[in-house]
Amino acid sequence: MSYCLNPHCPQPQNTPEAKFCLTCGAKLLLRERYRAVKVIGHGGFGKTFLAIDQDKPSRPSCVIKQFHPQMQGNTQKAIELFHREAERLDELGKHPQIPELLAHFEQDSHQYLVQEFINGPNLEEELLRQGVFNEAQIRQLLDDLLPVLQFIHHHRVIHRDIKPANIILRETSQRQGQLVLVDFGAAKVVTDSQVPIMGTVIGSPEYVAPEQTRGQAIYASDIYSLGVTCIYLMTQISPFDLYDIHEDRWIWRDYLKHHSVSSELGKILDKMLAVLPSQRYDSALKVLKELHPSGIPVAIARHLQAVSPPLPPPPQTVRTPSPSPSQTLPPRTIQQPTPPQQQRVQPLHAPSWRCIHTLSGHRNAITGVAFSPDGQTLASGSQDQTIEIWRLDSGKRWYTLVGHSNWITTIAFSPDSKTLASGSRDQTIEIWDMTKGKRWYTLTGHQDGVEAVAFSFNGQLLASGSRDKSIEIWNMNKGKRGFTLTGHQDRVYSVAFSLDSQKLASGSRDQTVKIWDLNTAKEVQTLTGHGDWVRSVAFSLNGQLLASASRNGMIKVWQNQQEKWVLLRTLRADDQDIFNIIFSPDCQFLISGGAKGVLDIWDLQKGILLETIKAHESDVFTVAFSGDGQWLATGSYDRTVKLWKQ
């Protein structure tokens, strides 16, 4: 059989020795040597053919990949993917468990790859033939494939489409049973110059890591996909059905049919499958070391000898594993504006703040924490659409407030502790009666999600900032809107009242801080200098300082001089996200919560970074002080709230 490569040929089958298609006349030999025999795969960007190389006496089999976009407008994407796969295979194909690239060329306006043919079933087919895999087979699979992942990650490549269909069980006398990883068409090259932007989502949905669905694949994404492959092979159940979205956890053990899995392997698979990258293995070598705690076998180690640890990925918004929560990290540089200089402080021997309680119960990221001014309770709002009320004396949950229909993004107590306000992506603000523990009424008016709420110190006003670029000022005596402040060119992420309740500061995605006069409902000053989104603003309780923090890791401290705010100093620890800042009640310190679970404590008088605490396993979205300054609360993407004391 000889198969015509013209995508539009109505009868592509031809005789084995034909040189031209009997139906359309197209040339049947590629480069006068490669003859397609049959179609073995197809997709949106083209077809894959089993072929023979007629230029060699043994006429060995090979694989032809032809890119031919099936959807209008995909031509350029197809060409990019073709060139990308050719580059990757040329670099990686020398590994015995990755198909070798034999040729890459264009013919008749189509792009072609010719690869080594791997004879044998893929693991999807093997599963249908033999049934579910047992623990010994899964361990062998991991021993076979983890060195391959270590190899490709060392070459700064992320596969992005690991699944049973892309793993072939080679059937040759020389390499009996060896697994081969194929299809690098979705592979991504990691470069030093990359920035953390949203990328194209590529991969098979059932096997793709959560961060990869947002276009932010990292090395750990391949480890996740390999973990999903393992539990699918052990259960023969769709990975979609192996995750309980209501309980937010994997339930693959419930579907093990005829065998159990040891607790040791189970723990390893669970860590490979962790939803948060920070809780997942960040290298294939680390998985191998846990699979073989007494030492990696010589046969496996031999494959690793030429492979050094993987090169680090570029900065991403997804998070990587970090030290224990109580660890004090090395100090970081602080940039002073005038004159430019860097200082480095010695780390304290132990963190000055100790974690007293870790509060668990939310099913998603913590987006807001607030102490009641009377010092009795702590409230925490979450992306799980609930607010939990915790008792400070015991660190125990008291009750739950439910009412929003989308993420809760922000919460704030009134000065008398009787009222709690919560803002949400559902575009509403709920007002809760804390004396009764239930919803009181709803404020509506924003045209997009609410990102920030704050009470005035006299309790008469509530300010709300929104993704609709506006700020609403609500009259809490009447429970209705007072007036609207407009002027920001993008989302408003943070609002804060001055001590006298006469001024309001707002931080925006437009990289500015605006000061508003609430008596005239007008903007009186715009503060510039941030090079990225301003996520958080805060006034000191003495009314003399204003702090603003932006996504690029910069904190600016402004001083009130004759009713004008002037820059006092710029603090910068690094270029990682800062999500929230707050002054200590005594105005001596500034606390900032940021990426990778980091909590920074700054000395305001000296303008130096006193210490860095690894507070959480993932981003610290929100921080709050109790009124007496004795307690510090932090909320994180890791779904926990922590209470700290000095």
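Tutor: Welcome! Let's begin with a definition: two strands count as paired if DSSP finds at least two bridges between them. Please keep in mind that this is a predicted model.

Student: Thanks! Which residue in β32 stands opposite L504?

Tutor: Start with the strands, β31 (residues 503–508) and β32 (residues 513–517), which pair in the antiparallel sense. Five bridges join β31 and β32, well within the definition of at least two. Opposite L504, in β32, stands W516.

Student: In what order do the strands of that open sheet of four run?

Tutor: The pairing in this open sheet is antiparallel. Its edge strands, each pairing on one side only, are β30 (492–497) and β33 (522–527). Neighbouring strands are turned against each other by 25 degrees on average, direction ignored. Read across, the order is β30-β31-β32-β33.

Student: Which strands are the edge strands of the sheet β26-β27-β28-β29?

Tutor: This is an open sheet of four strands with antiparallel pairing, and its twist averages 25 degrees from one strand to the next. An edge strand pairs on one side only, and the two that do so here are β26 (450–455) and β29 (480–485).

Student: Which residue in β27 is the bridge partner of V450?

Tutor: β26 pairs with β27 (residues 461–466) in the antiparallel sense, over five bridges. Within β27, the bridge partner of V450 is S466.

Student: Let me step back to the whole protein. What percentage of the 646 residues is buried?

Tutor: The fold has eight helices and 44 strands. Of its contacts with a separation of 6 or more, 49% are between residues 24 or more positions apart. The exposed surface is about 28200 Å², with carbon and sulfur atoms supplying 48% of it. As for the residues, the buried share is 55%.

Student: How many residues are in the largest nonpolar core?

Tutor: In soluble globular proteins, nonpolar side chains tend to be buried together. Here, the residues with the most contacts inside the largest core are L141, L142, L146, L226, W250, W252 and M272. Elements giving two or more residues to this core include α3 (135–154), α5 (219–235) and α6 (263–272). The number of residues in the core is 50.

Student: And how many residues does the other core have, the one with A538 and F583 among them?

Tutor: This other core lies apart from the largest one. A547 and L604 are also among its residues, and its number of residues is 14.

Student: Is strand β40 (residues 598–603) largely enclosed or open?

Tutor: Look at both faces: V598, D600 and W602 on one side are buried, and so are L599, I601 and D603 on the other. That makes six of six residues buried, so strand β40 is largely enclosed.

Student: Which residue takes a positive phi near 70 degrees in the hairpin of β40 and β41?

Tutor: β40 pairs with β41 (residues 608–614) in the antiparallel sense over six bridges, and V598 stands opposite K614. Four residues lie between the strands of this hairpin, and the one with that positive phi is G607.

Student: What is the bridge partner of I591 in β40?

Tutor: β39 (residues 589–594) and β40 pair in the antiparallel sense over five bridges. In their hairpin, which has three residues between the strands, K596 takes a positive phi near 60 degrees. The partner of I591 in β40 is I601.

Student: Is E430 buried or exposed?

Tutor: E430 lies in strand β24 (residues 428–433). Its side chain makes polar contacts with the side chains of R439 (3.1 Å) and T442 (2.6 Å). Buried means under 20% relative accessible area. At 4%, E430 counts as buried.

Student: What distance separates the C-alpha atoms of I356 and L643?

Tutor: I356 sits in strand β17 (residues 354–359) and is partly exposed, with a relative accessible area of 32%. Beyond its neighbours within four places in sequence, I356 is in contact with W631, L643, W644 and K645. I356 and L643 are 287 residues apart along the chain, yet their C-alpha atoms are separated by 5.7 Å.

Definitions and conventions: Residues are numbered from 1 along each chain as its sequence is written. This is a predicted model: local features need pLDDT of at least 70, side-chain atom pairs count only at pLDDT 80 or more; totals for chains, interfaces and linings use all residues. Side-chain values use heavy atoms; hydrogens and water are left out. A nonpolar core is a set of buried Ala, Val, Leu, Ile, Met, Phe, Trp, Tyr and Cys residues joined through side-chain atoms within 4.5 Å. Buried means under 20% relative accessible area, exposed over 50%, partly exposed in between (1.4 Å probe, protein chains only). Contact means heavy atoms within 4.5 Å. Axes are lines fitted to C-alpha atoms, for helices over the stretch in contact, and angles run from 0 to 180 degrees between N-to-C directions. A polar contact is a pair of N or O atoms within 3.5 Å; within protein, one must be able to donate a hydrogen and the other to accept it, and residues adjacent in sequence count only if both atoms are side-chain atoms. Accessible areas come from the Shrake-Rupley method with a 1.4 Å probe; for residues, only the protein chains shown count as cover.
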